[in-house]
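Hi,

Here is the structure I promised to pass on. Have a look at it first, and my notes follow underneath.

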Amino acid sequence: MLGTILALGGGGFSMEPENPLLDDYLLSLSRSSGRPRICFVPTASGDADGYVERFEEAFGDRAETSVLRLFRRTEPELRDFVLDQDIVFVGGGNTVSLLAVWRSHGLDRVLGEAAAEGVVLAGISAGMNCWFEASVTDSYGVDRLDPLLDGLGLLAGSACPHYDGEEQRRPCYREFVGSSKLPGGYAVDDGCALLFRDGELATAVSSRPQAGAFRVELSDNRLVEEPLEVHYLGS
């Protein structure tokens, strides 16, 4: 996979609107020397109007913003629209529904091409899960977590957002990886994000001093959870 992906376990404008550190970092990744063009994709929330409003409030005064709605689609040519952006940010919600809608519209293929052309891909929660081969999801019910094995596969392995923010995330992810229901991958706390370049992890950054990220995998039939070095953006 060619290109840049910023995967947020949690945080940013939708979870900590008074703390812009992750949002600022995302904008700094833009290829533009002027006001970056950032597009919000709220598919996982069903194109929720309130979510769109929060995006506009966070970025409207420092970037050229747009919204790609697929439930009320207004863009006839997705490829041209997406490739004209500097950043595409995917909101949280239902990962399974997001993937199904994207594939129906062909957006999955367009996003991979956009990344190779220099568009930064980013997202939170479902917007983190979607880039990986597999993930932990609550798409089938808010009171349960399940393994999901048909992500876009732009990033290898599996993803688990909200690692410290939801009580069952850590034990479920460890169980799924430990039993080989999921391949090994990355677990990310709220307030932390992983930056990938050309498919490889480049760095981990955070908007909270204690937010962490972990590599979780099976090694010699033993589950290994290795902390990653995280750079706090506030210092």
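Let me start with one arginine. Setting aside its neighbours within four places in sequence, Arg-35 is in contact with Gly-60, Asp-61, Arg-62, Ala-63, Glu-64 and Asp-86. You'll find Arg-35 in the loop between helix H1 (21-28) and S2. Its C-alpha is 6.3 Å from that of Glu-64, although 29 residues separate the two along the chain. As for solvent, Arg-35 is partly exposed, at a relative accessible area of 40%. Before you read too much into any of this, do keep in mind that the model is predicted.

Asp-86 from that contact list turns up again among the salt bridges. Its side chain meets that of Arg-37, at 3.3 Å from N to O. This pair links distant parts of the chain: Asp-86 sits in the loop between helix H3 (78-83) and strand S4 (87-90), while Arg-37 belongs to strand S2 (residues 37-41), 49 residues away. Is each partner buried or exposed? Asp-86 is buried, with just 1% relative accessible area. Arg-37 has 30%, which puts it in the partly exposed class. There is a further member to add here, as Arg-31, Arg-37 and Asp-86 are linked in a network of salt bridges.

How many salt bridges are there in the whole structure? The search finds 16. Besides the one above, I picked out two to show you.

- Arg-170 and Glu-225: the side chains meet at 3.0 Å, N to O. Arg-170 lies in helix H7 (residues 169-178) and Glu-225 in strand S13 (residues 222-227), so this salt bridge ties together parts that are 55 residues apart in sequence. Both ends are partly exposed, Arg-170 with a relative accessible area of 37% and Glu-225 with 22%. The cut-off for buried is under 20%, so Glu-225 at 22% does not fall in that class.
- Asp-146 and Arg-144: here the N to O distance is 2.7 Å. Asp-146 counts as buried, at 14% relative accessible area, whereas Arg-144 is partly exposed, at 43%.

Strand S13 has another arginine you may want to click on. Arg-222 is found in that strand, and it is exposed, with a relative accessible area of 54%. What is the C-alpha to C-alpha distance between Arg-222 and Gly-178? The answer is 7.4 Å, for two residues 44 positions apart in sequence. Since helix H7 covers residues 169-178 and strand S13 covers 222-227, you can look at this pair together with the Arg-170 and Glu-225 salt bridge.

Next, two spots in the backbone. Ser-125 has a positive phi, about 60°, although it is not a glycine. Its place is the loop between strand S5 (120-124) and helix H6 (126-129), and it is buried, with 12% relative accessible area. His-162 also has a positive phi without being a glycine, with a value near 55°. That histidine is in the loop between strand S8 (155-160) and H7, and at 7% relative accessibility it counts as buried.

Now for the overall picture. The secondary structure comes to seven helices and 14 strands. Along its principal axes, the C-alpha trace spans about 50 × 40 × 30 Å. Why think of the fold as a compact globule? Because a compact globule of 235 residues would have a radius of gyration near 18 Å, and the protein has 16 Å, which agrees. Of the 235 residues, 54% count as buried. Contacts across the sequence feature heavily as well: of those with a separation of 6 or more, 69% are between residues 24 or more positions apart.

On the surface side, the accessible area comes to about 10100 Å², and carbon and sulfur atoms account for 45% of it. The charge count is 20 positive side chains and 37 negative ones. The centres of those two sets lie 2 Å apart.

If you only have a few minutes, I'd open the model at Asp-86, which is buried and takes part in the network with Arg-31 and Arg-37. From there you can go on to Arg-35, which has Asp-86 among its contacts.

Cheers

How values were computed. Residues numbered from 1 in each chain as written. Predicted model: local features only at pLDDT ≥ 70, side-chain atom pairs only at ≥ 80, totals over all residues. Heavy atoms only, no water. Helix = DSSP H or I, 4+ residues; strand = E, 2+ residues; numbered from the N terminus. Rg over C-alpha atoms; globule rule 2.2 N^0.38 Å. Buried < 20%, exposed > 50% of the residue type's maximum accessible area, 1.4 Å probe, protein only. Contact = heavy atoms within 4.5 Å. Areas by Shrake-Rupley, 256 points an atom, 1.4 Å probe, with all protein chains shown as cover. Lys, Arg positive; Asp, Glu negative; His and termini not counted. Charge placed at Lys NZ, Arg CZ, Asp CG, Glu CD. Salt bridge = Lys/Arg side-chain N within 4 Å of Asp/Glu carboxyl O.
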